[in-house]
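Trainee: I would like to take a close look at one part of this protein and understand how it sits among its neighbours. Could you walk me through it once the model is in front of us?

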Amino acid sequence: MALTRYHNIEGGSATSTELIAPGDISGTIKSIVVSNVSATVSAGIKLKLEDTPDSGTPRVFSILNSSIPGGAALIIDDPGILSFDNSKNGFGLYINIGSGDSVNVFINI
């Protein structure tokens, strides 16, 4: 599956939205920008790495849990957070957002 660099995500359920599927990249992500669509209401976000094992419970590693004020954006550009090679380890990058929230996500590789 090819990497999708731009995402428009609507909240409303507890399910995760896949940003980068396991095996999609073999290099380092340079930055991720999460932009709150609302001009007035804060948006809650959680970024996590998760694997998809054939059986058993997935392993989940939370890498960010934050609130983005209305009209603002969050830029994640720390190599320590973003340096993972998912072509070998089976992990994908996922986001959860608050119910009723809307965000745009831009991934720069």
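In which sense do β4 and strand β5 pair, and over how many bridges?

Mentor: Bearing in mind that this is a predicted model, we can say that strand β4, which covers residues 43-51, pairs with strand β5, residues 60-68, in the antiparallel sense, and that 8 bridges make up this pairing. To find one of these positions on the display, go to Leu47, whose bridge partner in β5 is Leu64. β4 also pairs with strand β7, residues 91-97, where the two strands again run antiparallel and are joined by 7 bridges. Here Glu50 serves as a landmark, since its bridge partner in β7 is Gly92. β4 thus has pairings with both β5 and β7, and as for its exposure to the surroundings, the strand is mostly covered, with 7 of its 9 residues buried, that is, under 20% relative accessible area.

For the setting of this strand, the protein as a whole contains 2 helices and 8 strands, and their order from the N terminus is β-β-β-β-β-β-α-α-β-β. Across the 109 residues of the protein, buried residues account for 35%. If one takes the contacts between residues at least 6 apart in sequence, 77% of them join residues that are at least 24 apart. As for the surface, the protein exposes about 5,900 Å², of which carbon and sulfur atoms supply 51%.

Key
Residues are numbered from 1 along each chain as its sequence is written. This is a predicted model: local features need pLDDT of at least 70, side-chain atom pairs count only at pLDDT 80 or more; totals for chains, interfaces and linings use all residues. Side-chain values use heavy atoms; hydrogens and water are left out. Buried means under 20% relative accessible area, exposed over 50%, partly exposed in between (1.4 Å probe, protein chains only). Helices (H or I, at least four residues) and strands (E, at least two) are DSSP runs, numbered from the N terminus. Two strands pair if DSSP finds at least two bridges between them. Contact means heavy atoms within 4.5 Å. Accessible areas come from the Shrake-Rupley method with a 1.4 Å probe; for residues, only the protein chains shown count as cover.
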